[in-house]
Each structure stands twice: as structure tokens, then as C-alpha cells.
2 protein chains.
Amino acid sequence: MDEISSLQRRPDGTTGPIRRTALHDTLVNHLRDMIIEGDLEPGTRLHEGQLGEQLGVSRTPLREAIKYLASEGLVELVPSRGGVVKRFSPKDVHDMLTVLRTLEELAGRLACEAATDAQIAHVRTLHDEMIDRYKAADRLQYYKLNQDIHTAIVRLAQNSSLIDIHAMLQTRLKRIRFIGHEGPEKWAAAVAEHEEMISALEARDKTRLSEVLGRHLFNAWDRVRDSL
Amino acid sequence: MDEISSLQRRPDGTTGPIRRTALHDTLVNHLRDMIIEGDLEPGTRLHEGQLGEQLGVSRTPLREAIKYLASEGLVELVPSRGGVVKRFSPKDVHDMLTVLRTLEELAGRLACEAATDAQIAHVRTLHDEMIDRYKAADRLQYYKLNQDIHTAIVRLAQNSSLIDIHAMLQTRLKRIRFIGHEGPEKWAAAVAEHEEMISALEARDKTRLSEVLGRHLFNAWDRVRDSL
DNA sequence: ACAAAAAATGCTGCATACAGAATACAAAAG
DNA sequence: CTTTTGTATTCTGTATGCAGCATTTTTTGT
């Protein structure tokens, strides 16, 4: 029972509340979540018939969603065999982190120049909230806020292309990080790095912010390598 | 007369040589080329019926191709209105070049470490050929080889994610560069920078290569800004 | 003649139908 | 018992049909 219940069902003629989002778009998000959360493990074939029936949609919008995710890099398109959930090798993950690091270093530099005080204050809010979740050992919310902070800093850079690509890489890596459960010491170290980040951002010290972000993502490899 | 003639046509029952590529995949490449080369200008709506008839395919694979290109960033998906060729503002282009610059700087550093002598020699070959095309004032081939060189250097970095994302940005920018026709002085300057790049690569001087690549792409903005 | 409403047209979004390829399975031959 | 070949089933790839939304044109009222 996994229907996309919220929208779309209208077998009778009832003109229910208007649906503005297209089904293929809904499916993209739904499938993406399923992949990230591990419901669809790497190597899994995306059976159009079965999956479509399970979700209560026809094959057409499902296929469109799969094509979209393929271009996004989460799904691989094998000729005459359809979509397969892409499997990332440890090297792939390392490669992605390397690129992510470079991009966030750039974002840090740009953010110090472009951000308004209010925007920085907002990041501080997210940070404080994350610290709360850390102290409460609430890993799930911690991870979520962690990612939000990185995304927020990237947004401060005001570079649309950077925002796009960063989001894409975050998505691809989310699956890994979602799983990765580092030990308390490493976790503490990561939090300490975040503290540094925020203070550097508030000081608008772009060299330092860039450096910390780089170090943070360099260390990120250590934190996830075990779970691979 | 714009049929996708090469493959797929078989109105009679003749079992011609096997076709391994899927139609939607062929369409992705075809449409991408049409967009890059300006056959489909920014803002153009991608009429499924009309366009499909023009290319001799049905709407289904065409729709799938459009979704793919949307995820790639060349097409925008407007609800209830289908695909529209994305229009890039000058700032968008500037943003993309900024990211591209950062990525190629990274690629330069990694390439100096990872590349084999043979690979470097191959880039030199491409470079020499490009110089020939420059001297012959053959802009089209010059551009093509230019891009090939950048792509080749990125490949030397041996980072799959970097290769992916770089290719994506190149594609998005290709449309702009394809149009951009800078004057002889700027062109000469670009060629000079390429000379520097190759020599830095051959010396495996990563600091210098990274610096030149950065400067090259920084200047790239000057070279295209007029044509926007 | 102009504005507003209503009808008509065209296009997208989704579902279904059909054809061809791949795979799994079974039977036959070595 | 293993291997190979033929067959059946399943799934992808593509085409087509239908319903709803958007936009444009026509019509009607002032």
C-alpha cells in the first residue's frame, strides 16, 4: 500500500479540489525519496508495470519521471531494460565529495561578500537549532538541519548555477549520508567545524569560511568511508 | 524535412540492421543539438504534436526526451504548457562561468597529478590541431577543438563527478559560445592562454595550470558578454 | 463600437493498446 | 548429467485515444 494518495485519484467523475502539480513531477519527488531512503536499493530495476501499479499510476508519467531522474544521475538507463537505481562506488562518493568541497569553498567566498546581515542571522538560527538536536542526540533532525545549513550558505552566494549543481550533488550524496552513522567523537568534531563555519560567516571572513568548509568536507570522507 | 533519418525508419517490414539505441535517447541528442545550434531559440515552446510530426516520431518518446532535457537544464517545464527552451540571462551565464572556472581550476590541479604522459601528449595533439584551425580562421572547428581540449583536461582529473558536471555546464554554455564571435585581438589572447595551459600541463605545474585555467575562464566572460 | 461572456479550438497530461526484445524455462540432444 | 535450442512469458518501447485546461475567437448586450 504505497499509493500516491495525496493527489491524483479520481476514478469517478468528481471534480475534486484542483490539482496543479503534474503527476510526473510528483513521481519524480516520490521516487527520489524512495531511492534516498533506501526503499529502492542500488541495482534495483524499476519495473514499470509493477511499480506503476504499486503507486497507482500508469506507465506513461512513470516513465517520464524515470527519464528525469536518469538525467539527474540517480537512475541509470539500460537499453531495452529500463531504469536501474544507480550504484555508487566508494570512489564515486569520494569524487562527489571532492567536487562538493570545491563548490562549497567557492560558495563560502561568495557568501561573505553577497549575504545580508539578516540572511546570516537566519543561518545562525538554523545552526543553533541544529546544536539543540545534537544535544538531544536526534540524528535525523540533526542531519536534516545540517544539510539545510549547507544549502543556506550556498544560497547566500546568489549564484543560480552553483545552487543548482550543489543541490544535485547533495541529493546524490543524501542516500549515503542518510545511512552513515559515525561515532560520537567524529560527530562532535563535525559539530565543532560547524561552529567555526558560523563564526567565520558572521565575521564575513571569506578565507576562513572557505577553509573551514573545505576541511569539513575533506573530513566528511572519513565519516562516511566506513559505511561503504 | 528534418526527419531522424539515420535510424528507426522502417515503414515496410524489412528487418534492417538492428537498432540498439532507443528513440527517446536519439531524440535527446537531436533536440539538444537543435537547441545549441539555435534551431530552437530560447522561449520557443516545444509543441509535441507539431515537433513530433516534423521529426517523424510519436509524442511519447518525444515527451520523455523533453523531460530528460528539462532535468539537464536546457528546457523549462511549465505546468499545463509543456516544455519551453530555457532562456539564460547574462547573470545566469556569468554564474555558470564562475562555477565552470572553479571546476576547471580543480581539474587542472588533479590532472597534473593523475595524468599519464601519453594522455598529456594527446591533449598536445588536440592543441596543435586547434592552432592550425586558428591560423586557418576556421572558427567552427576551432571552437570544437577548444571545447575538446577543456573536456580532455577535465577527463585527466579522473573524477567521474567532475566530468559529469563539467559536461553539463559545457552543454548549457555551448549555445552561448556557439553564437559568440569575438574580435581578432580577444581571439588571439584566448589562443595565447591555451598555449600557456598546455605548457603548464606538460610541466605538471598544477599551480600554474590552475591559475591559467582560472584566468582563461575569467576572461571568457569578457569574450561573450557582448553577445548577450 | 466596445466590453464582457461564452463557445470553440488546440494542446497538454494521462491511460491504454500493441509490437518487439529479453529472459526464463523446458525439452531434447549430446 | 550437461548443454543447447525452442518456446512462452514478461517487460520495455512506441503509438494512439481521450479528457481537461488554456487561450483565442466569436457573439451578445449595452
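## Exercises on a predicted protein–DNA model

Helix H2 (48–55) and H3 of chain A, along with helix H1 (23–36) and H3 of chain B, each give at least two residues to the surface near DNA strand D. Helices (H or I, at least four residues) and strands (E, at least two) are DSSP runs, numbered from the N terminus. The model is predicted, and local features need pLDDT of at least 70, side-chain atom pairs count only at pLDDT 80 or more, while totals for chains, interfaces and linings use all residues. Residues are numbered from 1 along each chain as its sequence is written, and chains are lettered from A and ligands numbered from 1 in the order in which they are written.

**Exercise 1. Describe the surfaces near the two DNA strands.**

Step 1. Begin with DNA strand D. Of the 22 residues around DNA strand D, the nearest are A:Glu48, A:Gly82, B:Leu23, B:Ser58 and B:Thr60. A residue is near a strand if its C-beta atom, placed from the backbone, lies within 6 Å of that strand.

Step 2. Sort them by class. The surface near DNA strand D has six nonpolar, 11 polar and five charged residues. Ala, Val, Leu, Ile, Met, Phe, Trp, Tyr, Cys and Pro count as nonpolar, Asp, Glu, Lys and Arg as charged, and the others, Gly among them, as polar.

Step 3. Repeat for DNA strand C. Around DNA strand C there are 20 residues, of which A:Leu23, A:Ser58, A:Thr60, B:Glu48 and B:Gly82 come nearest. Helix H1 (23–36) and helix H3 (59–72) of chain A, with helix H2 (48–55) of chain B, are the elements that give two or more residues to this surface. By class, the surface near DNA strand C has five nonpolar, 10 polar and five charged residues.

**Exercise 2. Work out the fold of chain A and locate the largest nonpolar core.**

Step 1. List the elements. Chain A has nine helices and two strands, in the order α-α-α-β-β-α-α-α-α-α-α from the N terminus.

Step 2. Check burial. In chain A, 35% of the 228 residues count as buried. A residue is buried if 20 or more other C-beta atoms lie within 10 Å of its own, exposed if 12 or fewer, and partly exposed in between, with C-beta atoms placed from the backbone.

Step 3. Find the core. The largest nonpolar core has 78 residues, and A:Leu201 and B:Leu201 touch the most other members. Such a core is a set of buried Ala, Val, Leu, Ile, Met, Phe, Trp, Tyr and Cys residues joined through C-beta atoms within 7 Å. Another core, of 38 residues, lies apart from it and includes A:Leu27, A:Val57, A:Leu74 and B:Leu51.

**Exercise 3. Which residues of H5(B) are buried, and how are they arranged?**

Step 1. Take the length. Helix H5 (residues 117–135) of chain B has 19 residues and reaches 27 Å between its first and last C-alpha atoms, close to the 27 Å expected at 1.5 Å a residue. The expected span is 1.5 Å times one less than the number of residues.

Step 2. Name the buried residues. They are B:Ile120, B:Val123, B:His127 and B:Met130. Down the axis of H5(B), the buried residues fall within an arc of 75°, so they line one face of the helix. The arc is that of the directions from the helix axis to the C-beta atoms.

Step 3. Look at both sides. The buried residues of H5(B) pack against helix H6 (139–156) and helix H8 (184–202) of chain B. On the other side, B:Asp117, B:Ala118, B:Ala121, B:Thr125, B:Asp128 and B:Lys135 are exposed.

**Exercise 4. Compare H3(B) with its surroundings.**

Step 1. Count burial. In H3(B), 10 of the 14 residues are buried, so this helix is largely enclosed by the rest of the structure.

Step 2. Find the partners. The buried residues of H3(B) pack against H1 and H3 of chain A and against H1, H2, strand S1 (75–78) and strand S2 (82–85) of chain B.

Step 3. Look past the end. B:Gly73 follows H3(B) and has a positive phi, near 100°.

**Exercise 5. Describe the contact between chains A and B, and the setting of B:Asp95.**

Step 1. Count the residues. In chain B, 28 residues are in contact with 27 residues of chain A. Two residues are in contact if their C-beta atoms, placed from the backbone, lie within 7 Å.

Step 2. Assign elements. Helix H3 (59–72), helix H4 (90–114) and helix H7 (160–179) of chain B each give at least two residues to the side that touches chain A. That side of chain B has 10 nonpolar, 10 polar and eight charged residues.

Step 3. Place B:Asp95. B:Asp95 is in helix H4 of chain B and is buried, with 21 other C-beta atoms within 10 Å. Leaving out residues up to four places away in sequence, B:Asp95 touches A:Asn159, A:Ser160, A:Ser161 and A:Leu162.
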